[in-house]
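Subject: Structure for you to look at

Hello,

I am passing on the structure we talked about, and I would suggest opening it beside this message so that you can follow each point on screen. My notes on what was found come after it.

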Amino acid sequence: MTMVAGCDVGSLTTKAVILKNNQLVATSLIRSKAKPQESARIAMDEVYGKAEVSEREIQYCVGTGYGREKLAFVNEAKSEISCHGKGAKWLMPSVKTIIDIGGQDCKVIKIDASGQAVKFVTNDKCASGTGRFLEVMAKVLGIDINELGSQTAKSKSPITMASTCTVWAQADVISFIHAGVPLEDIGAGINLAMAKRIATLANTVKPEKDICMTGGVAKNAGVLSLLEDLLGCRFKKIRKSDPQLAGAIGAALFAREQITEK
Amino acid sequence: MPVAGCDVGSLTAKAVIFEQGKILSQAVIKGYTKPEESAGEVMQLALEKASLTMADIAYAIGTGYGRERIPFVHEVESEIVCHAKGAWWNSPATRMVIDIGGQDAKAMRLDENGKVVRYIYNDKCASGTGRFLEVMADALELDLAEMGEVGQQSTEKLTISNQCVIFAETEVVSLVNEGKEVCDIVRALHSALANRVASLAKSIGIDQEIVMTGGVAKNSGVFKALGEGLQLEVKSLKGIDPQINGALGAALLAGEKAKGSNH
């Protein structure tokens, strides 16, 4: 029997999973705290509780995400790119390209048949094209970020955002609100701006089918469908588990490899 | 006869009235949503200071982001041309102008006749513009005008690693939470902004003498940091508010037009 764990400490959310004999037995997803160690501790305690196991029973634990170097309890830290690639492959074996949009970054990863990353592009320099863009815009609109995705389907004439920069776009949105533009048209325009930005990034690595979307923004139906249109193909929907857990699952799979190689 | 220049920027509006080689009056106001309102008010203010009315103005040129909507000007000219003109008039030794405004930054190189030979412009990304400091002043609950002074009290050198305004703001909040001194954070912000603009300027090649203009030039911290970022001496306009340089350039061009039409 193998019992391993993966922990992905992101900027906005922290994810932890436990794999028992290659089966997902428990997962947790929490909002990140100020300190990565604290976020990881809470997520791990939650996942141990759900799986009804103690920390001692975990044979190996791999950490990933931006806070990975600060975790005392992990046996090893792995890059987000390799964990996301591996996790997405496990969730969807046919996947060749993964578009992961996190709270503070965006990555497009192309993987080979073994799940190893062969080509990738990331943006963590500019808030535009990351979850943060949507967060800022939802706040300006005064709606919950989870309500943003449905605006695309409701809108008949989405606004065009003139600026890419989150700061300027925020000012644009305020002007649209003042001009009395309906909420759904502004929301749809925000989703479109986001999708365009990601499509531009994705096209630099020439995405190949099957394409899967992971990360929190995958839950925004508007961005998802607009991005499909822009890239000219339908994405494969991950159903095996929450796609936001891909990084943590990949980390756990690396942990499993360590055990089985021994 | 007197001539006028009016520069309607994103955050402020500026007007200069000029006659026979001298600035008669100048005005700076915080802008309104409508450029035409800002232009009208700032022009009126400058006219009052010079005890003139619009009828006394022989020629007026508009510039700045709102220039197409200034009702009273005879023509408009780009900010690049106006800033170059103003700075070169102030000191003909000027070969480079670096201007940081509220929502943009530009760098231009001039030849010995004051003609613009190369320029670069950033208005796409808020980082490297006055807005960067505005957002940070808000985050630190400081008045924008006092930031230069606050930064001078710094004793510890900190670095802001994010360029993006949104990410840098989060970084600032973390630094505050870590217990870092506000003055040290402010100095690091000045350097971050200056370095960003310095690399913009470097992309068109640096030529001395360098003059810094625009509202942000009033911030002594950014001014000093720009010199450090370029590793060269940066000068300020002699005896002139750096914020009115664009309006001054427009007025100088208006003067040339007025002279031309008299002959």
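Please keep in mind throughout that this is a predicted model. I begin with the place where the chains meet: across the interface of chain B and chain A, the rule finds zero salt bridges, although two residue pairs, both at pLDDT 80 or more, are in polar contact between these chains. On the side of chain B that touches chain A, helix H5 (residues 165-177) of chain B gives the most, with four residues, and the residues of that side divide into six nonpolar, four polar and three charged. In terms of contacts, 13 residues of chain B meet 12 residues of chain A, and the area buried between the two chains is about 990 Å², with carbon and sulfur atoms giving 68% of that area.

The next topic is the nonpolar cores. In soluble globular proteins, nonpolar side chains tend to be buried together. Here the largest nonpolar core has 86 residues, and those that touch the most other members include A:Ile99, A:Leu227, B:Ile98 and B:Met212. Helix H6 (residues 182-202) of chain B supplies the largest share of this core, 11 residues.

To see one of these residues in its surroundings, you could select B:Ile98, which, leaving aside residues up to four places away in sequence, touches a group including B:Val197, B:Ala201, B:Ile210, B:Met212 and B:Leu230. Apart from the largest core lies another one, of 27 residues, among them A:Leu19, A:Cys83, A:Ile111 and A:Cys212.

Best wishes

Methods: Residues numbered from 1 in each chain as written. Chains lettered and ligands numbered in written order. Predicted model: local features only at pLDDT ≥ 70, side-chain atom pairs only at ≥ 80, totals over all residues. Heavy atoms only, no water. Contact = heavy atoms within 4.5 Å. Buried area = accessible area lost by both parts, 1.4 Å probe. Salt bridge = Lys/Arg side-chain N within 4 Å of Asp/Glu carboxyl O. Polar contact = N/O pair within 3.5 Å; in protein donor to acceptor, adjacent residues only side chain to side chain. Helix = DSSP H or I, 4+ residues; strand = E, 2+ residues; numbered from the N terminus. Nonpolar A, V, L, I, M, F, W, Y, C, P; charged D, E, K, R; others polar. Core = buried A, V, L, I, M, F, W, Y, C linked by side-chain atoms within 4.5 Å. Buried < 20%, exposed > 50% of the residue type's maximum accessible area, 1.4 Å probe, protein only.
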